[in-house]
Amino acid sequence: MHPKIDILAFAAHPDDVEISISGTLLKHQAKGLKTGIVDLTRGELGTRGSADIRTEESKKATEILKLSVRENLGLKDGFFENNEESLLAVVRSIRKYRPEIILINAEKDRHPDHGNGHQLVKRAAFLSGLIKIHTEVDGKVQEAWRPKNVYAYIQDYYIHPDIVIDVSEFWEQRMASLMAYSSQFYDPNSTEPNTPISSEGFLNHLIGRSTQFGRQISVKHAEGLNVVKPIGIDNLLDLE
């Protein structure tokens, strides 16, 4: 029996979540909620490291984030499409873990896989609720499941957030999960080619982004989300 997850984050590549929204996962995990990550690809086209190295780094990050589940769908890095095969792979994961909330890649970003991942998982989150779509896991027919809501996290390109989450208490742990991917980020001793995310400046960018979002709600560090579909409430005063 697979555990039911409260918040399930999908990512085009291992480390997308750690870069963008891992503090939010840590904060909700500390509240007693179950969190998980589903990576669409192994990041095998990355300039630095390798798919095998990133798999091992992902395991380290998973421990730091205290995730209840993490899986990799093994779609083709750089080439996955919003087609039936990929959609059903995501639908199976959603039905397997039955999340209340799904977090997805940014709608538009520097890496085209991020926008593609956004569209793929958003569509699959809807299809997962259709009872006439048949899926199985471990030889058992899955029941339809649709999350209560879907939010997109903000990545390289600046997007004005709809929701800002205070992650100040979890900032160091969040950055430790990121640095578990030592092949990808700043290492003055590395002999591998430089990339847009391997410079010391990129880490400073992440700190600047978090303090920028934090300033909007008068805290030290924060992460941002965008609403994918309208949020239903009973009372406007429920919103801070």
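This is a short walk through the helices, the enclosed space, the salt bridges and a surface patch of a predicted model.

Let's begin with two helices. Helix α2 covers residues 22–30, and seven of its nine residues are buried, so the description "mostly covered" fits, given that buried means under 20% relative accessible area. The buried ones are Ser22, Gly23, Thr24, Leu25, Leu26, Lys27 and His28. Note that a lysine, Lys27, is included in that list. After α2 comes Gly32, with a positive phi near 95°.

Helix α5 runs over residues 112–127, which makes 16 residues. From its first C-alpha to its last it reaches 23 Å, close to the 22 Å expected at 1.5 Å a residue. Its buried residues are Asp113, His114, Gly115, Gly117, His118, Leu120, Val121, Ala124, Ala125 and Leu127.

Next, the space inside. Rolling a probe the size of a water molecule over the atoms shows where empty space is left. Here the count comes to one cavity of 30 Å³ or more, and the volume of the largest cavity is about 120 Å³. Its lining is made by 14 residues; Ile19, Ser20, Ile154, Arg174 and Arg209 lie nearest the centre. Two or more lining residues come from each of α1 (16–20), α6 (171–179), α7 (200–216) and β9. Helix α7 gives the most to this lining, with five residues.

Now for the charged side chains. Side chains of opposite charge can pair when their charged atoms come close. In this model the count comes to 10 salt bridges, and three of them are worth a visit.

One is found within a helix: Glu56 pairs with Lys59, with the closest N and O atoms 3.2 Å apart. The two residues are separated by about one helical turn, because they are three residues apart in helix α3 (residues 51–65). What is the exposure of each partner? Glu56 is partly exposed, with a relative accessible area of 43%, and Lys59 also counts as partly exposed, at 46% relative accessibility.

Another salt bridge joins Lys148 to Glu100, the closest N and O atoms being 3.3 Å apart. This pair links distant parts of the chain, 48 residues apart: Lys148 belongs to the loop between β6 (140–141) and β7 (149–153), while Glu100 belongs to the loop between α4 (84–97) and β4 (101–104). Lys148 is exposed, with a relative accessible area of 63%, whereas Glu100 counts as buried at 18% relative accessibility. Both residues also take part in a network of salt bridges that links Lys4, Glu100 and Lys148.

The salt bridge between Arg110 and Asp156 has its closest N and O atoms 3.3 Å apart. It too connects distant parts of the chain, with Arg110 in the loop between β4 and α5 and Asp156 in the loop between β7 and β8 (163–166), 46 residues apart. Arg110 is partly exposed, with a relative accessible area of 41%; Asp156 is partly exposed as well, with 28%.

Our last stop is on the surface. Which residues make a nonpolar surface patch of about 400 Å²? They are Ile231, Ile233, Leu236 and Leu239. If you want to find Leu236 in the viewer, look in the segment after β9 (222–227). Leu236 is exposed, with a relative accessible area of 67%. That value qualifies Leu236 for a patch, because patches are made of residues with over 30% relative accessible area and no salt bridge.

Terms used: Residues numbered from 1 in each chain as written. Predicted model: local features only at pLDDT ≥ 70, side-chain atom pairs only at ≥ 80, totals over all residues. Heavy atoms only, no water. Patch = residues over 30% accessible without salt bridge, like charges linked within 9 Å, V, L, I, M, F, W, Y side chains within 5 Å. Areas by Shrake-Rupley, 256 points an atom, 1.4 Å probe, with all protein chains shown as cover. Salt bridge = Lys/Arg side-chain N within 4 Å of Asp/Glu carboxyl O. Helix = DSSP H or I, 4+ residues; strand = E, 2+ residues; numbered from the N terminus. Buried < 20%, exposed > 50% of the residue type's maximum accessible area, 1.4 Å probe, protein only. Expected span 1.5 Å × (residues − 1). 1 Å grid on protein atoms, 1.4 Å probe; cavity = no way out; pocket = protein on both sides within 12 Å on 5 of 7 lines; lining within 4 Å. Points joined across faces, edges and corners; volume = space filled by probe spheres on them.
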